[in-house]
Number of protein chains: 2
Amino acid sequence: MKKIDILKKLRSSGLRPTKQRVEIARFLFEREKTFHFTVESLNKFFEKKTTSKIALATIYNTVHAFKNAGHLSEVEVRGKKTYFDTNVSNHHHFYDSDTSELIDIDANDVIIQKIPKAPNGKKIKNIEVFINLKN
Amino acid sequence: MKKIDILKKLRSSGLRPTKQRVEIARFLFEREKTFHFTVESLNKFFEKKTTSKIALATIYNTVHAFKNAGHLSEVEVRGKKTYFDTNVSNHHHFYDSDTSELIDIDANDVIIQKIPKAPNGKKIKNIEVFINLKN
DNA sequence: TTTTCACTTTAGAATCATTATAAACTAAAA
DNA sequence: TTTTAGTTTATAATGATTCTAAAGTGAAAA
């Protein structure tokens with residue numbers, strides 16, 4: 001992902017490109033593959049990089065702005081922490097509760113044949129398939 | 001559900017049948033249909049019944065014992081509160097984020113035709129289909 | 001029956017993730 | 001420059017959950 005795209009992501013999220021936000025955005029989006037993270041894991045990463053300490057509140061704010069702009073999705077995982085995904089396309093997940101690891105499943109790798117119709121005046125927004133793993 | 005079954009549920013969860021636990025168990029299991037609840041909703045119910053006030057910690061302990069014994073399941077819902085379900089059979093859910101309401105979907109009403117195979121030495125424990133609703 | 005002892009309940013404290021706050025900081029525009 | 005709106009930050013507040021320690025309860029032994 002090019003620098004200009006990073007700036008575009010920030011602008012489209014209503015965020016000025018400050019030093020902290022650019023760092024967060026680069027860490028999230030300058031990679032080959034999409035990935036999953038929690039605010040805690042992001043925070044740990046920036047704590048290790050002694051060059052740049054970013055306040056927890058800034059990480060929360062920035063991540064939420066990206067999420068609201070549609071640049072991040074939130075994954076349905078039982079538990080305390082919120083998992084985010086830089087893959088915002090429609091897709092599904094494996095979840096390994098032993099390692100707390102999420103693995104993406106491409107939307108094309110799941111075909112659902114039969115689905116009940118939505119109740120009383122409601123419509124289906126989206127369908128998430130969650131496959132729990134064991135050893 | 002008969003009284004003896006209530007006692008059975010308690011015993012099989014490793015719980016002595018105390019007054020508080022019997023009350024909780026009866027509220028959860030003495031009904032025609034299964035239902036969803038949170039610890040908060042249970043607590044509110046017992047607060048209203050002025051005859052019997054049950055400490056929050058007791059509710060948490062009892063609910064967890066039932067869950068560990070397999071008499072309750074925990075539903076995958078994004079958000080702070082934990083949702084429990086007295087339906088412990090394999091099934092799926094609609095979720096209405098407007099009302100925070102969960103609706104059961106019978107396992108037979110969802111047919112999945114294609115599924116990716118589990119990664120590296122892992123097996124599939126179970127599959128949860130979660131259908132988000134909108135208006 | 002009384003005693004014992006393990007199990008329970010309870011209120012309140014502690015914890016953990018997250019959100020809010022308010023003061024100090026930054027930077028673009030007037 | 002000065003202004004002004006937007007930012008970062010440390011810390012406080014919140015809310016769900018878990019822990020703790022003291023007081024309560026009850027089944028079974030003596």
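In this predicted model, the side chain of Thr58(B) puts an N or O atom 3.2 Å from a phosphate oxygen of DNA strand C. The elements that supply two or more residues to the surface near that strand are helix H4 (56-68) of chain A and, from chain B, helix H2 (19-29) plus helix H4 (56-68). Of the contributors, H4(A) gives the most, with four residues.

Two further side chains also reach phosphate oxygens of DNA strand C. For Tyr60(A), the distance from a side-chain N or O atom is 2.6 Å; for Arg21(B), the corresponding figure is 2.9 Å.

Stepping back to the whole site, 18 residues surround DNA strand C, and the closest are Tyr60(A), His64(A), Thr82(A), Thr18(B) and Gln20(B). On the DNA side, sugar and phosphate make up 87% of the strand C atoms that come within 4 Å of the protein. Sorted by class, the protein surface near the strand is a mix: seven nonpolar residues, six charged and five polar.

Now for the two protein chains themselves. Laying chain A on chain B takes a turn of 179 degrees with a shift of 0.0 Å along the axis, and the resulting RMSD is 0.1 Å. The two copies are therefore related as by a two-fold rotation axis. The interface fits in with this picture: 100% of the interface residues of chain A are also interface residues in chain B, so the copies meet through the same surface.

Terms used: Residues numbered from 1 in each chain as written. Chains lettered and ligands numbered in written order. Predicted model: local features only at pLDDT ≥ 70, side-chain atom pairs only at ≥ 80, totals over all residues. Heavy atoms only, no water. Near = heavy atom within 4 Å. Polar contact = N/O pair within 3.5 Å; in protein donor to acceptor, adjacent residues only side chain to side chain. Nonpolar A, V, L, I, M, F, W, Y, C, P; charged D, E, K, R; others polar. Least-squares fit on C-alpha atoms with pLDDT ≥ 70 in both. Contact = heavy atoms within 4.5 Å.
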